[in-house]
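This briefing concerns the aromatic rings of one protein model and the charged side chains placed over them. Please consult the sequence and structure below alongside the points that follow.

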Amino acid sequence: MLKIATWNVNSIKVRTPNLIEWLKEAAPDVVCLQELKCLEDAFPFGPIEDLGYNIAVHGQKTYNGVAILSKYRLDDVTEGLPGDDSDEQSRYLEAVLTVNGTLFRIATIYLPNGNPVDSDKFAYKLAWMDRLVAHAKTLLAYEEPLVLAGDYNVIPTADDVHDPAAWAGDALFRPETRARFHKLMNIGLTDAFRACHTESHRYTFWDYQAGAWQKDHGIRIDHLLLSPQAADRLLACDIDKVVRGREKPSDHVPVWATFEA
DNA sequence: ATGCCGGGCGAAGCCCGA
């Protein structure tokens, strides 16, 4: 069994104690991290390696930054989303690992937020999503177990937000954003959470402000998208909501899936 | 609430996130 998780930690520096606590109790084999907000030099390798993880980091100072933690050796590590050599934001990292003879390809994704929608940030988000669709097509052609895990900054449907009307104009829920997410799904990816759960209003993010956590005003924006070969092996998927109620929490919580391996 | 909280940077106040 292989357990793969994704978590936007909102600064690895301040979140290291939360991460270590959760790694010990959840015992994931692979973790895709986002929003490190640091360069590789400042990444806290020591306490994480002490728990038995190999680590690949694609860092950036102050903003973005992604990493993959793995109990299995990481091979063929590639940094950055293909398709635009001028893109300097650290939002994508891909690697492969082998579990009992089965290769798994894993990517950690920090998809751009895109707000405000009347700025070039929204255009950057949509262009980034187009590049992700193109790259995912390439990866799907390998016909491997593939897990694209991360903070997509996309609310897939009205069932994934506490107040759809309030989010109607937001870059996370705009028709242009959701159209591209549908395009990504329709090339043949499976939302691991939705494959395991039909209930509405299950969230992965709660804003720090306005008592969003206390009122359960959340959104589901952290996703594990699976190739058919990964979906065939899917055993379970869930959200570790309890982490949001701890001391100095990230505004996102971990989402995990388990696979036959 | 057009960022209410929280983090980075850097040492006050702005930028950013979703």
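**Aromatic contacts in the predicted model**

In this predicted model, R91 is positioned over the face of Y110, at 4.7 Å from the ring centre. K3 likewise lies over a ring face, that of W256, at 4.7 Å from the ring centre. Beyond these charge–ring contacts, the structure contains 6 aromatic pairs.

**The F104–F259 pair**

- F104 and F259 meet edge-to-face, with 6.2 Å centre to centre and 65° between the planes.
- This pair connects distant parts of the chain: F104 belongs to strand 7 (residues 102-110) and F259 to strand 14 (residues 255-259), 155 residues apart.
- F104 has 0% relative accessibility and therefore counts as buried.
- F259 also has a relative accessible area of 0%, so F259 is buried.

**The Y152–F181 pair**

- Y152 and F181 form an edge-to-face aromatic pair, with 6.0 Å centre to centre and 80° between the planes.
- Because Y152 lies in the loop between strand 8 (146-151) and helix 4 (175-186), while F181 lies in helix 4, the pair ties together parts that are 29 residues apart in sequence.
- Both Y152 and F181 are buried.

**A cluster of rings**

- Y203, W206 and W213 are joined into a cluster by ring pairs.

How values were computed
Residues are numbered from 1 along each chain as its sequence is written. Chains are lettered from A and ligands numbered from 1 in the order in which they are written. This is a predicted model: local features need pLDDT of at least 70, side-chain atom pairs count only at pLDDT 80 or more; totals for chains, interfaces and linings use all residues. Side-chain values use heavy atoms; hydrogens and water are left out. Rings of Phe, Tyr and Trp (its six-membered ring) pair if their centres lie within 6.5 Å; planes under 30 degrees apart count as stacked, over 60 as edge-to-face and the rest as tilted. Helices (H or I, at least four residues) and strands (E, at least two) are DSSP runs, numbered from the N terminus. Buried means under 20% relative accessible area, exposed over 50%, partly exposed in between (1.4 Å probe, protein chains only). A charge sits over a ring if NZ of Lys or CZ of Arg is within 6 Å of the ring centre and within 35 degrees of the ring normal.
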